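Subject: Structure for you to look at

Hi,

Here is the model I said I would pass on. Have a look at it first, then read my notes below.

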Amino acid sequence: MPDVGSAFSLERLNALTEQSIGRSLEEAIDIATTYASERLQHIGAGSARNVYAISDDLVLKIARNRNSIHQNAAEAKISKSTAANAPIARVIQRARPKSVWIVSQRATPFNNTSAFEEASDQTWLSFETAVRAGMGGKKTAEPRSKLVQATLNLVYDHGLDLPDVIDVKHWGVLHDGSIVLFDYGEVE
Ligand SMILES: Nc1ncnc2c1ncn2[C@@H]1O[C@H](COP(=O)(O)OP(=O)(O)O)[C@@H](O)[C@H]1O
Ligand SMILES: [Mg+2]
């Protein structure tokens, strides 16, 4: 039965993905992308994923190709295994057995440093400088902010790439005001 025009359902997406995965990964990706794009608002795209709004609180991130399922898998793994106070958008669900798509907490992306600064008690420059210094093992005169310390813990624990972490376009804010990294799948 064609699904066109019906409402989005995560259960349905799950079922479609499970059915299609036996054929090829490309086909599973195509089917998930078609199902989502006919029902949800497309809110973002990067080199690895297409992102759709499920609700005000959740997004669906679908891999663009077989290589980019690794980004989804890495985010799911980090989200599951990292500290409760880690500054990340949490992954709520992932496609099984392959991470063709994930469902994550929805953030409002900061598209520039002033948006970060409005939501935070620090400048982007001080944040970036402190994270770089921390990763380089340098001591700084200023005490580390909570966000800097939590970011460094995340980076140390999961081998996140520095360029991913110090790109303001990878950060945003949740409804509760917490500042989170939402693009963290590119591990070294
Ligand atoms: N959790 C999220 N909440 C809101 N928007 C998001 C979220 N994750 C990604 N996006 C949007 O989708 C775009 C692409 O997602 P991103 O995680 O950067 O994927 P890629 O790995 O392909 O770079 C982002 O630039 C952002 O605009
Ligand atoms: Mg990105």
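The chain has seven helices and eight strands. Before you go further, keep in mind that this is a predicted model.

**Overall picture**

On dimensions, the C-alpha trace spans about 65 × 30 × 25 Å along its principal axes. The radius of gyration is 18 Å, and a compact globule of 188 residues would come out near 16 Å, which agrees. Of the 188 residues, 30% are buried. If you take contacts between residues at least 6 apart in sequence, 53% of them join residues at least 24 apart.

The chain splits into domain 1 (10-106) and domain 2 (113-181). Their C-alpha centres are 25 Å apart, and the contact between them involves 10 residues of domain 1 and 12 residues of domain 2.

**Helix α2 and what it packs on**

Let me start with α2, which covers residues 25-37. Its 13 residues reach 18 Å from the first C-alpha to the last, close to the 18 Å expected at 1.5 Å a residue. The buried residues here are A28, I29, A32, Y35 and A36. Looking down the axis of α2, you will find those buried residues within an arc of 135°, so they line one face of the helix. That fits the usual geometry: an α-helix has 3.6 residues a turn, so residues three or four places apart point the same way.

What does the buried set of α2 pack against? The partners are α1 (10-21), β2 (49-53), β3 (58-63) and β5 (101-105).

E26 also lies in α2, but E26 counts as exposed because it has 11 C-beta neighbours inside 10 Å, and the cut-off for exposed is 12 or fewer. E26 and V100 are 74 residues apart along the chain, with their C-alpha atoms separated by 9.3 Å.

**The strands under α2's partners**

β3 is mostly covered, with five of its six residues buried. Strand β3 pairs with β2 in the antiparallel sense over five bridges, and the two form a hairpin with four residues between them. If you want a register check, V51 has K61 in β3 as its bridge partner. β3 is also joined to β5 by five bridges, again running antiparallel. There, L58 stands opposite Q105 in β5.

**The three-stranded sheet**

There is an open sheet of three strands in the order β6-β7-β8, with antiparallel pairing. β6 (108-109) and β8 (179-181) are at the edges with a single partner strand each, so one side of each has no neighbour in the sheet. Two bridges join β6 to β7 (residues 171-173), and T108 stands opposite V173 in β7.

**Helix α6**

Now for α6, residues 146-158. The 13 residues should span 18 Å at 1.5 Å a residue, and the end C-alpha atoms are indeed 18 Å apart. Which residues of α6 are buried? They are L147, V148, T151, L154 and V155. These cover an arc of only 125° around the axis, which puts them on the same side of α6. K146 and Y156 are exposed on the other side. The cover over the buried residues includes α5 (124-135), α7 (162-165) and β8. Just after α6 comes G159, which has a positive phi near 65°.

**A loop residue that touches α6**

One more residue to click on is A86, in the loop between α3 (69-81) and β4 (91-94). Leaving out residues up to four places away in sequence, A86 touches A150 and L154. L154 is one of the buried residues of α6. A86 itself is partly exposed, with 19 other C-beta atoms within 10 Å; the cut-off for buried is 20 or more. A86 and F8 are 78 residues apart along the chain, and their C-alpha atoms are 30 Å apart.

That is what I have for now. Shout if anything looks odd on your screen.

Cheers

Methods
Residues are numbered from 1 along each chain as its sequence is written. Chains are lettered from A and ligands numbered from 1 in the order in which they are written. This is a predicted model: local features need pLDDT of at least 70, side-chain atom pairs count only at pLDDT 80 or more; totals for chains, interfaces and linings use all residues. The expected span of a helix is 1.5 Å times one less than its number of residues. The arc is that of the directions from the helix axis to the C-beta atoms. Two residues are in contact if their C-beta atoms, placed from the backbone, lie within 7 Å. Two strands pair if DSSP finds at least two bridges between them. The radius of gyration is taken over C-alpha atoms; the globule rule is 2.2 Å times the number of residues to the power 0.38. Domain bounds come from an automatic or database domain assignment.
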